[in-house]
Structure formats: structure tokens, C-alpha cells
Amino acid sequence: ARRTETARNILVKEVMKVQTDIKALMFKYIQEGVGARGVSVLATKTIIDSIKDIWLSLNGDLEYAKSSIQELFYLLPLDTKEQVQTMVEIVEVVQRIPAKTEVLLQEATQDGYQQYVRSSSWDSWKRQGGD
């Protein structure tokens, strides 16, 4: 029982570490995106919102993962090699989340700016009228 509790704590701590990492990435990409493309208050807001939406979604998923992991440990005895291997695989997947998130956030800084250009820049009325 003690080993199971230790394993559960390690897995939950790994998810919490990933949450911290993606939050730091969110601020990094907000800073970079706004610094490079924050040409107006609206452009800045659009970039921030694009990045924040990704973070909120991922953080919610990770919160759900934490509670699901805790539940799994109460439901499963984790006394077979396969069950233990599955938990190790979960840790490996969780550890890959920051790298995948970084790609999404990088795209979001550009997508947020492109959205601003399409809908809110000074000559957007020309493009909207021609659609």
C-alpha cells in the first residue's frame, strides 16, 4: 500500500510540475507575442486571449488528469506488471506535454495577430467588404 501511495504522489507531482511549466510557457509566449506583434491594445488583447485560451484548456485537462489518477490508484491494486507499466506510460505522456504546448503557444502568438489583422486593423473594412 505504501508503494502505491508513493507512486500516486509521484505521478500527481509530475502533473503539477507540468502545470507549472505550461504556465511559465504561457507568460513567455505572451511576452514574446506582445513584444513582437502588440501593435495596439486590441492586437495585444487578441494575442493574450489566444494564448490564455490554450493554457486554460490544458490546465483544465491536467486538473481532470490529477483527479482521474488519484481515482485510478484507489480503484486498481497496481499489483501486475502491466498496471505498473501503464502508469509509467502515463508519466511519459505527461512529460511530453510542455514541448507540445510550446508549439501550440508559438502558433497562437501568430494566429492571434493574424486574427487581429483580419478583423480589426485599420483597413480590415476593405477586406471584409470584398468577401
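Read from the N terminus, the protein chain runs α-α-α-α. That makes four helices and zero strands, where helices (H or I, at least four residues) and strands (E, at least two) are DSSP runs numbered from the N terminus. The model is predicted, so local features need pLDDT of at least 70 and side-chain atom pairs count only at pLDDT 80 or more, while totals for chains, interfaces and linings use all residues. Residues are numbered from 1 along each chain as its sequence is written, and side-chain values use heavy atoms, with hydrogens and water left out.

**Whole chain**

Select the protein chain and show its surface. The chain exposes about 8,600 Å², of which carbon and sulfur atoms supply 56%; accessible areas come from the Shrake-Rupley method with a 1.4 Å probe, and for residues only the protein chains shown count as cover. Of the 131 residues, 33% count as buried. Buried means under 20% relative accessible area, exposed means over 50%, and partly exposed lies in between (1.4 Å probe, protein chains only).

Next, switch to contacts (heavy atoms within 4.5 Å). Among those between residues at least 6 apart in sequence, 76% join residues at least 24 apart.

**Largest pocket**

Select Arg 3, Thr 4, Ala 7, Ile 10, Leu 11, Phe 73, Leu 78, Val 84, Met 87, Val 88 and Val 91, which line the largest pocket. Helix 1 (2–37) and helix 3 (81–120) are the elements that give two or more residues to this lining. Helix 1 supplies the largest share, five residues. By type, the lining divides into nine nonpolar residues, one polar and one charged. Here Ala, Val, Leu, Ile, Met, Phe, Trp, Tyr, Cys and Pro count as nonpolar, Asp, Glu, Lys and Arg as charged, and the others, Gly among them, as polar.

The space in the largest pocket is about 270 Å³. On a 1 Å grid over the protein atoms alone, a pocket is an open set of points where a 1.4 Å probe fits, with protein on both sides within 12 Å along at least five of seven lines; lining residues have an atom within 4 Å of a point. Grid points are joined across faces, edges and corners, and the volume is the space filled by probe spheres set on the points.

Stay with the lining and pick Val 84, in helix 3. Val 84 is partly exposed, with a relative accessible area of 43%. Draw a distance from its C-alpha atom to that of Thr 4: the two are 9.7 Å apart, though 80 residues separate them along the chain.

**Salt bridges**

The whole structure contains four salt bridges, each a side-chain nitrogen of Lys or Arg within 4 Å of a carboxyl oxygen of Asp or Glu. Three stops follow.

- Lys 17 and Asp 21: their side chains meet at 2.9 Å, N to O. The two are four residues apart in helix 1, about one helical turn. Both are partly exposed, Lys 17 at 44% relative accessibility and Asp 21 at 26%.
- Glu 102 and Lys 28: the closest N and O atoms are 2.9 Å apart. Glu 102 lies in helix 3 and Lys 28 in helix 1, so this pair ties together parts 74 residues apart in sequence. Glu 102 is partly exposed at 26%, and Lys 28 is partly exposed at 33%.
- Lys 45 and Asp 49: the closest N and O atoms are 2.6 Å apart. These two are four residues apart in helix 2 (residues 41–75), about one helical turn. Lys 45 is partly exposed at 48%, as is Asp 49 at 25%.
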